[in-house]
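Biologist: Got a minute to look at this one with me? Please pull it up.

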Amino acid sequence: MNNNKYCIAAYRCFDDKADFHKKAASIAVGLTVGSWTELPEAKKQSMEKHLGKVVSIDVHEPDAQAQPGTPAAERYADIRIAYPDINFSRDIPALLVTIFGKLSMDGKIKLLDIEFSEDFAASFPGPKFGVEGVRGLLNVHDRPLLMSIFKSVIGYDLPELREQFYQQALGGVDLIKDDEILFENPLTPVERRVEACMAAAKDAESQTGQKLLYAVNLTGPTFNLKAQAKKAIGAGANALLFNVLAYGYDTLSELAADPDVRVPIAAHPAVAGAIYPSPHYGIAAPLLLGKLMRLAGADLVLFPSPYGSVTMPKEETIGIKDALLAAEPNRKKSFPVPSAGIHPGLVPLILRDFGAESVVNAGGGIHGHPMGTAAGGRAFRQAIEAAAANTKLADYATSERPELKAAIELWGVKE
Ligand code: 1AE
């Protein structure tokens, strides 16, 4: 088997009594040539290059001591199957339909990982900017970035959004993202919204001296998205937010590869919860929100952190981070953005677990600050400074930093 020409899928398959060797062989044959034993010898020769191959099978027998309901208490096998590249075109939908199309509905089976062949991977340019490119646009190279999220957007008009944007920008954030539920609407249509917010960014920059990216939500029917992206960029947008899983990876990959879409793209994880959480079904989070997002071209990827309001198990979040930041010779890294319910008191944990090549991201943790939105941003910046200085937040929250002090009085600290 030539590794350059096969993509290898790793599955976890649960069954109380199945013969996993038979199961693996039936996947390898069934998802490629359909049937093998019934083929005449001459046909077998010509079909060999299309035939899937079982790479490994590790059977796990139930552990009687394990807590009932956990995978360790169940009988399962980790199975790896190699699929010949010759069977599918060079796009993510074709690969996913091959390795986990019908199979995703065939009993308790979860897709854990994919090792792309060199040839398949080489068809995807990946993130246009990546970690270094985004840092370059912001001219920030020595600390984790800070992103803030618009909250209360629906039913608000342009002056109201402009003011909300301005307050976020004054707090010293590096990126501001739309809320993912803000779609094209008569009160704040995308071009007008971008113009108003970029004007507010300029006003704030004259106060703070800080550059800022505004990730405007790219929405609407799929076939209009490129036109919509170009409209937003024409109006001055310098980043995009995109609900990748609602549209499909291929849409992201088309946008990222388009030379006219010359801004970073932040991938929102909306709908991911319908796919990754079960131990028995779906697609593992590090693949869903890590490897595939990066392959498709996301410059930044949001996902639930292990400790906020909407959470994900820590090992899965670390798996996402590792997939986004793994060294790959021909692909830029994507920024991990652990999110949801983040407040300044969580910054030490975020930076311990995700490191300096990450983006601290908050909505309610900025707008809900008792001294207002701009103070919310400042409290986060102070928390990031404290982590860089290796100082405990409580020690850093002196009267000279009333914003951090107020934040940790309200939300506390987890270290
Ligand atoms: C995992 C996505 C987080 C997100 O999009 C969002 O809006 C978070 O808001 P807060 O920080 O929880 O208010």
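Biologist: Which residue stands opposite L300 in β11?
Modeller: A266 does. Strands here are DSSP runs of E, at least two residues long, numbered from the N terminus. Before we go on: this is a predicted model, where local features need pLDDT of at least 70, side-chain atom pairs count only at pLDDT 80 or more, and totals for chains, interfaces and linings use all residues. Residues are numbered from 1 along each chain as its sequence is written, and side-chain values use heavy atoms, leaving out hydrogens and water.

Biologist: OK, how many bridges join β9 to β11?
Modeller: Two, between residues 265-268 and 300-304, and the strands run parallel. Strands pair if DSSP finds at least two bridges between them.

Biologist: And what is the strand order of the open sheet?
Modeller: β12-β11-β9-β8-β7-β6-β5-β13, eight strands with parallel pairing.

Biologist: Why is one side of β12 and of β13 left without a neighbour in the sheet?
Modeller: Because β12 (335-339) and β13 (359-362) stand at the edges, each with a single partner strand.

Biologist: Switching to the ligand: which residues come nearest?
Modeller: K151, H268, G341, G363 and G364, out of 13 around the ligand. Being near takes a heavy atom within 4 Å.

Biologist: What does the backbone of G364 do there?
Modeller: One of its N or O atoms lies 2.7 Å from a ligand oxygen; a polar contact is a pair of N or O atoms within 3.5 Å. For G363, the backbone distance to a ligand oxygen is 2.8 Å.

Biologist: How does the shell divide?
Modeller: Four nonpolar, five polar and four charged residues, with Gly counted as polar and Asp, Glu, Lys and Arg as charged.

Terms used: Polar contact = N/O pair within 3.5 Å; in protein donor to acceptor, adjacent residues only side chain to side chain. Helix = DSSP H or I, 4+ residues; strand = E, 2+ residues; numbered from the N terminus.
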